[in-house]
Amino acid sequence: MIDLHPFVNGAVDWVSEDTKYEHTLTVTSKEDFDIGGKYQFTIEPKCTMEVIPFMIKYRSGVLTIEKWKC
């Protein structure tokens, strides 16, 4: 369900079932690297902000993604 929400600048996509999101990632570097990020979302109706940090690592042609411990 798409809803206009008063606290964000735009529509909110309400999800009411277990959901899996997939994203495509293209690595253009041949060098090893680490890069961090986070997924952030709110669970309703508990109104809890969830933040899941992660680290993407590229070593010798192998890409790994792991949950990051802050």
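Guide: A strand is a DSSP run of E with at least two residues, and strands are numbered from the N terminus. In this predicted model, the elements of the protein chain run β-β-β-β-β from the N terminus on.

Visitor: How many helices and strands does the protein chain have?

Guide: The chain has zero helices and five strands.

Visitor: What share of the 70 residues in the protein chain is buried?

Guide: Buried residues make up 7% of the 70. To be buried, a residue must have under 20% relative accessible area. The chain exposes about 6,600 Å², and carbon and sulfur atoms supply 56% of that area.

Visitor: Why is Ser 60 called exposed?

Guide: The cut-off for exposed is over 50% relative accessible area. Ser 60 has 68% relative accessibility, so Ser 60 counts as exposed.

Visitor: Where is Ser 60 placed?

Guide: Ser 60 sits in the loop between β4 (48-59) and β5 (62-67). From the C-alpha of Ser 60 to that of Lys 30 is 8.2 Å in space, although the two are 30 residues apart in sequence.

Visitor: What makes the phi of Ser 60 worth a remark?

Guide: Most residues other than glycine have a negative phi. Ser 60 is a residue other than glycine, yet its phi is positive, near 50°.

Visitor: Why is the pair of Arg 59 and Asp 34 called a salt bridge?

Guide: The rule asks for a side-chain nitrogen of Lys or Arg within 4 Å of a carboxyl oxygen of Asp or Glu. In the pair of Arg 59 and Asp 34, the closest N and O atoms are 2.6 Å apart, and the pair forms a salt bridge. Arg 59 lies in strand β4 and Asp 34 in strand β3, so the salt bridge ties together parts that are 25 residues apart in sequence.

Visitor: Why is Arg 59 called partly exposed?

Guide: Partly exposed lies between the limit of 20% for buried and the limit of 50% for exposed. Arg 59 has a relative accessible area of 38%, so Arg 59 is partly exposed. Asp 34, at 44%, counts as partly exposed too.

Visitor: How many salt bridges does a search of the whole structure find?

Guide: The search finds three. One of them joins Glu 22 and Lys 20, with the closest N and O atoms 3.6 Å apart. Both Glu 22 and Lys 20 are exposed. In another, the side chains of Glu 66 and Lys 57 meet at 3.3 Å, N to O. Glu 66 is partly exposed at 35% relative accessible area, and Lys 57 is partly exposed at 25%.

Visitor: What makes Tyr 39, Phe 41, Ile 43 and Ile 52 a patch on the surface?

Guide: A patch takes residues with over 30% relative accessible area and no salt bridge, and nonpolar side chains are joined within 5 Å. Tyr 39, Phe 41, Ile 43 and Ile 52 form such a nonpolar patch, with about 330 Å² of accessible area together. Phe 41 serves as a check: its relative accessibility is 36%, which counts as partly exposed. Three residues of the patch, the largest share, come from strand β3 (residues 33-43), and Phe 41 has its place in that strand.

Visitor: Which residues lie nearest the centre of the largest pocket?

Guide: Asp 13, Val 15, Phe 41, Thr 42 and Ile 43 lie nearest the centre, out of 22 residues that line the largest pocket. The elements giving two or more residues to this lining are β2 (11-13) and β3. Strand β3 gives five residues, the largest share. About 960 Å³ of space lies in the largest pocket.

Visitor: How do you know which residues Gly 37 touches?

Guide: A contact needs heavy atoms within 4.5 Å. Leaving out residues up to four places away in sequence, Gly 37 touches Ile 52, Pro 53 and Phe 54. Gly 37 is placed in strand β3. Its C-alpha is 6.5 Å from that of Met 55, and the two residues are 18 apart in sequence. With a relative accessible area of 25%, Gly 37 is partly exposed.

Visitor: What share of contacts between residues at least 6 apart in sequence joins residues at least 24 apart?

Guide: In the protein chain that share is 19%.

Note on methods:
Residues are numbered from 1 along each chain as its sequence is written. This is a predicted model: local features need pLDDT of at least 70, side-chain atom pairs count only at pLDDT 80 or more; totals for chains, interfaces and linings use all residues. Side-chain values use heavy atoms; hydrogens and water are left out. Patches are made of residues with over 30% relative accessible area and no salt bridge: like charges are joined within 9 Å, nonpolar side chains (Val, Leu, Ile, Met, Phe, Trp, Tyr) within 5 Å. Accessible areas come from the Shrake-Rupley method with a 1.4 Å probe; for residues, only the protein chains shown count as cover. Helices (H or I, at least four residues) and strands (E, at least two) are DSSP runs, numbered from the N terminus. Buried means under 20% relative accessible area, exposed over 50%, partly exposed in between (1.4 Å probe, protein chains only). On a 1 Å grid over the protein atoms alone, a cavity is a set of points where a 1.4 Å probe fits but cannot get out, and a pocket is an open set with protein on both sides within 12 Å along at least five of seven lines; lining residues have an atom within 4 Å of a point. Grid points are joined across faces, edges and corners, and a volume is the space filled by probe spheres set on the points.
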